[in-house]
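Okay, everyone, thanks for coming. Let me put the model up, and then I'll walk you through it.

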Amino acid sequence: SSGINAEYGGSDGPRHRGSRLLSNSEQLPDTELPPEVEEGNIEYKLKLVNPNPSRLEHLVTQMKWRLREGQGEAVYEIGVCDNGKLAGLCRYEMDASIETLKTMSKLADAECIVLKEFSVLDNKAVSPSTLHITPAPKKA
C-alpha cells in the first residue's frame, strides 16, 4: 500500500499520466470513483480553498456528520467531484485544501492525516487526495 501518514507530498502509489492524487483506494481507476453517497463516512470535495466563516461552519458541521456516520472516522477525497470524477488540483489548491481540512478537524475536535497520494493527470501538480479524520487524542 502507499500510505502517507501525517505529512503529504510523497509520490508513492500507482502512476497515472503524470501528477499526484491522494486517495484511500488501493488502486485508482483512470477517471473516476463511485459517486458520493449521503450516508456513510466518505466525503468528496473538489477543493477547499479559503472558505468564508459561514462556509467553514457548514463544512465543520458536515465533518461532524461524517465522523458520526463512521463511528469516529471520516475519509475525505480531495480533488474529486461529487459524481466521482477525478478532477485533480494544482499544488497550491491541494495545499490550501489540506490546510482547510486541518482547520476543520481542529474545530471538530478531530485529527487529520493524509493517507495516500497517486499520480493522475497531466498538467496538474496534484490530483484528488484522501485524508483520514479521527477524534483528537484526549489530553491527560
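**A strand with both faces covered**

Let's start at β3. Ala74, Tyr76 and Ile78 point one way from this strand, Val75 and Glu77 point the other way, and all of them are buried. Before I go further: this is a predicted model, so please keep that in mind throughout. Back to β3: five of its five residues are buried, so the strand is largely enclosed by the rest of the structure.

What does β3 pair with? Its partner here is β2, residues 42-45, and the two run in the parallel sense over four bridges. If you want to find the register, look for Lys45, which stands opposite Ile78 of β3. Put α1 in the picture as well, and β2, α1 and β3 make a right-handed β-α-β unit.

Okay, zooming out for a moment. How many helices and strands are there? The chain has two helices and seven strands, and in sequence order the pattern goes β-β-α-β-α-β-β-β-β. There are 140 residues, and buried ones make up 46% of them. Of the contacts with a separation of 6 or more, 79% are between residues 24 or more positions apart. As for the surface, the chain exposes about 7,300 Å², with carbon and sulfur atoms supplying 50% of that.

Now the inside. In soluble globular proteins, nonpolar side chains tend to be buried together. Here the largest nonpolar core has 18 residues, and the ones with the most contacts inside it are Leu48, Met63, Leu67, Tyr76, Ile78, Leu101 and Met104. Which elements feed it? At least two residues each come from α1 (53-69), β3 (74-78), α2 (91-107) and β4 (110-116). The largest share is from α1, with five residues.

Leu48 is a good residue to click on. Setting aside anything up to four places away in sequence, Leu48 touches Leu59, Ile78, Ala96, Ser97, Thr100, Leu101 and Met104.

Several of those names bring us to α2, where the buried residues are Glu93, Met94, Ala96, Ser97, Ile98, Thr100, Leu101, Met104 and Ser105. Remember that an α-helix has 3.6 residues a turn, so residues three or four places apart point the same way. I also checked the length of α2: at 1.5 Å a residue, its 17 residues should span 24 Å, and the end C-alpha atoms are 24 Å apart, so that agrees.

Ser97 deserves its own stop. Is Ser97 buried or exposed? Its relative accessibility is 0%, so Ser97 counts as buried. This serine sits in helix α2, and beyond its neighbours within four places in sequence, Ser97 is in contact with Lys47, Leu48, Val49, Ile78 and Leu89.

For a contrast, let's go to Glu39, in the loop between β1 (20-21) and β2. Glu39 has a relative accessible area of 54%; the cut-off for exposed is over 50%, so Glu39 is exposed. What does Glu39 touch? Leaving out neighbours within four places in sequence, the contacts of Glu39 are Arg66 and Glu69. Glu39 and Glu69 are 30 residues apart in sequence, while their C-alpha atoms are 7.0 Å apart in space.

Last topic, backbone angles. Most residues other than glycine have a negative phi, and most peptide bonds are trans. With that in mind, have a look at two spots. One is Gln71, in the loop between α1 and β3. Phi of Gln71 is positive, near 50 degrees, and this residue is not a glycine. At 73% relative accessibility, Gln71 counts as exposed.

The other spot is Asp109, also not a glycine, with a positive phi of about 55 degrees. You'll find Asp109 just after α2, in the loop between α2 and β4. With a relative accessible area of 48%, Asp109 is partly exposed.

That's the tour. Happy to rotate the model back to anything you'd like to see again.

Notes:
Residues are numbered from 1 along each chain as its sequence is written. This is a predicted model: local features need pLDDT of at least 70, side-chain atom pairs count only at pLDDT 80 or more; totals for chains, interfaces and linings use all residues. Side-chain values use heavy atoms; hydrogens and water are left out. A nonpolar core is a set of buried Ala, Val, Leu, Ile, Met, Phe, Trp, Tyr and Cys residues joined through side-chain atoms within 4.5 Å. Buried means under 20% relative accessible area, exposed over 50%, partly exposed in between (1.4 Å probe, protein chains only). Contact means heavy atoms within 4.5 Å. Accessible areas come from the Shrake-Rupley method with a 1.4 Å probe; for residues, only the protein chains shown count as cover. The expected span of a helix is 1.5 Å times one less than its number of residues. Two strands pair if DSSP finds at least two bridges between them. A crossover is right-handed if, with the strands pointing away from the viewer, the path from the first strand over the helix to the second runs clockwise.
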